[in-house]
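Student: Please take a close look at one part of this model with me, and then tell me how its surroundings are put together. I am new to it, so please explain each term as it comes up.

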Amino acid sequence: MQHKYASPKFFYTLAGQLTPWAATITTLLLVTGLYLALFIAPADYQQGESYRIMFIHVPAAWMSMFIYMMMAGAGAVALVWNVKLAEIFASNCAPIGASFTLLTLATGSLWGKPMWGTWWAWDARLTSELILFFLYIGYMALQASIDDPRRAARAAAILALVGVVNIPVIHFSVEWWNTLHQPASVSKIGAPSIHPSMLAPLLLMSLAFTFYFFTVALMRMRNEILERERHTTWVARVLDPES
Amino acid sequence: MPKLLKAVGCLLHRDLTVALRRSTDILTPLIFFVIVVSLFPLGLGPEPSVLKTIAPGVIWVAALLATMLSLNRLFANDHADGTLEQMALSPHPLTVLVLTKVTAHWMLTGLPLVLISPLLAIQMFLPESAIGTLTLSLLLGTPVLSLLGAVGAALTLGLRGSGVLLSLLVLPLYTPVLIFGAGAVAGVIADIDVEAHFSLLGAFLALALAFAPWAAAAALRVSLD
Amino acid sequence: MLEAIDLECTRGDRPLFRHLCFRLNPGELVHVTGVNGSGKTTLLRTLCGLTRASAGEVQWNGSSIHNLGDDYRSQLAFVGHSNGIQGELTSVENLRAAACLCTTHAVPIEQTLERVGLAPYRHFPSKILSQGQKRRLALARLVILQKPLWILDEPLSALDIDSVTLITGFLIEHLARSGMVIMTSHQEINVTAKTVLRIEIA
């Protein structure tokens, strides 16, 4: 049952048209957001200038969760309705999501260093992100280990759904574990009390990252569609317009 | 229903018989469990106060790893000789058959770990008041490990490097059970009320029983495709 | 009655066959031939419901086998490349386990083992049996389960001439009782059936 919108060929053309727009919007949002974050938002009375890394850390953390949800959702669609495009979307989400998770961990580490003098702290968010990173890597490793693309996509979809159900449980458990074990002197890496002028750059950066995700996802999906459909005539025409 | 129960009993009996005749499969994870726990005093020194503090975490992590090691015998052997296919072609719901297999697996893998844990607790100078908690936490936790592990084993069926891949997939999912299982034992030592821990472990078991066999059955069908 | 409608199967990205259609009625046999790798095994597994076709449908008595699910599976017996027997179990235990898992009626295990010539070994672990004997044990399962539809992948491989005659006898009996058989085989099969349909996959 091939819906017009679910056809790889149609999507390839559509994605090609959308990508430049998405890229432009991403750049605009990123530039504006960073400007507001680095220059306009006031220095925090407690943390000084170093807190500004929050404007990358927090949106990156949100993206890492958001992308996993999308990945699981696309996986569900692929499993239930056998939509190839959903499979392609899901498998391309994973590296982007994993990158955002790594970005969260790296910025969290950079944030922690000036505050406590250590490059790592087992606080609730960082620990949850670390486990999320392992979940992403597991997903990618599973897909890479299966040769048949259809089996790979369906197995990965099941894994993503199991993961998505477990993520709230993991979050909750890690929160609890953290409150029990943290020594009194170490405070949580929390955002300082949000000043309204901090909210704008935070939201802008989140939107920028979201559009970045869509841009990169569109580009990656186009590549994968070309590879998967390489036996068809329309791909042959795309690759060699003269023939 | 009586037909299904008979099939379940039959499958349970078959799996237990086969496993008991391949006794090395059962003993290896158990010995591994004992060896891993014994390595810690060798690595950290035999000081009782140190060992006592790390005991809950160490015993629990060792139980996790031993379960991981044993998971390959859940489906891989049946897959190789064709009996897994036959099971997938049975007129009975695959979800129920998978649950039966996991039960047989746990009886010969998880349960021995639970039963030997008091000995390891003594080796690690765990106070006697905590030994009961340790055993009970493992009793509730190891079935969850087997159930979640079954999903991983089903997904990685027949893949090269499936042992390590399976660990990669399943260990992150084990973290909540580890946190509350080891936390319960540590809590008893610190004289904290651990009722919440056991309620949560029980909840995890209930959730795993409800969903894991179904996910594992779906994964098996994907892997047999 | 088993029907394949416009069946298409792919392996990886390559289609193995397209627009495959046939109908199998009681008492009939379908013999699938083709070179190695042509998709015979994939076809059989698709007919069992183990593998999903990329296009088309398989129907049992007018309903899609995917909708029927367990109801369809209760009507078929499959013997694939691997024997589906466990080495640690004896012949008797293997057959009993297979029966228990798939049927509810009493099964003549001892008699069947006699017929396939495995009676002397019935209480030994199956792993000591030779390849041919293991194959006979796997095929004995067909007689035990008494299902109307038999789906067999190279059933005669590893069998000597006497065993081939024995198994052919089983096939003839089954077809005479209005059973249905789909099988792949490199060898010729001498059966009398209402219809023998040959499908060659190229």
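Tutor: Let us begin with C:Glu154, which has 19 other C-beta atoms within 10 Å and is therefore partly exposed. A residue is called buried if 20 or more other C-beta atoms lie within 10 Å of its own, exposed if 12 or fewer, and partly exposed in between, with C-beta atoms placed from the backbone. This is a predicted model, in which local features need pLDDT of at least 70 and side-chain atom pairs count only at pLDDT 80 or more, while totals for chains, interfaces and linings use all residues. Residues are numbered from 1 along each chain as its sequence is written, and chains are lettered from A and ligands numbered from 1 in the order in which they are written.

C:Glu154 has a positive phi, near 50°, and is not a glycine. Most residues other than glycine have a negative phi. C:Glu154 sits in the loop between strand 7 and helix 7 of chain C, where helices (H or I, at least four residues) and strands (E, at least two) are DSSP runs, numbered from the N terminus.

The two elements on either side of that loop also help to cover helix 6. Helix 6 of chain C covers residues 131-145, and its 15 residues should span 21 Å at 1.5 Å a residue, which agrees with the 22 Å between its end C-alpha atoms; the expected span is 1.5 Å times one less than the number of residues. Because 12 of its 15 residues are buried, helix 6 of chain C is largely enclosed by the rest of the structure. Among the buried residues are C:Leu137, C:Leu139, C:Leu142, C:Val143 and C:Ile144, together with C:Lys134, C:Arg135, C:Arg136 and C:Arg141. Their cover includes strand 6 (76-79), helix 4 (91-102), helix 5 (109-115), strand 7 and helix 7 of chain C, with two residues counted as in contact if their C-beta atoms, placed from the backbone, lie within 7 Å. After helix 6 of chain C comes C:Gln146, whose phi is positive, near 55°.

The domains of chain C put this region in a wider setting. Chain C is assigned domain 1 (1-75 + 148-202) and domain 2 (87-147), and these bounds come from an automatic or database domain assignment. The C-alpha centres of domain 1 and domain 2 of chain C are 23 Å apart, and the contact takes 12 residues from domain 1 of chain C and nine residues from domain 2 of chain C. On the side of domain 1 of chain C that touches domain 2 of chain C, strand 7 (149-153) and helix 7 (161-176) of chain C each supply at least two residues, and helix 7 of chain C gives the most, with four residues. By class, that side of domain 1 of chain C has nine nonpolar, two polar and one charged residues; here Ala, Val, Leu, Ile, Met, Phe, Trp, Tyr, Cys and Pro count as nonpolar, Asp, Glu, Lys and Arg as charged, and the others, Gly among them, as polar.

Beyond its own domains, chain C also touches chain B. That contact takes 24 residues from chain B and 24 residues from chain C. Helix 1 (2-21) and helix 5 (83-88) of chain B each supply at least two residues of the side of chain B that touches chain C, with helix 1 of chain B giving the most, nine residues. This side of chain B divides into 10 nonpolar, six polar and eight charged residues.

Chain B meets chain A as well, through 20 residues from chain B and 21 residues from chain A. Helix 8 (128-155), helix 9 (162-189) and helix 10 (195-224) of chain B are the elements that give two or more residues to the side of chain B that touches chain A, and the largest share, 10 residues, comes from helix 9 of chain B. The residues on this side of chain B are 15 nonpolar, four polar and one charged.

Finally, a residue of chain B recalls our starting point. B:Phe125, in the loop between helix 7 (110-123) and helix 8 of chain B, has a positive phi of about 60° although it is not a glycine. With 16 C-beta neighbours inside 10 Å, B:Phe125 counts as partly exposed.
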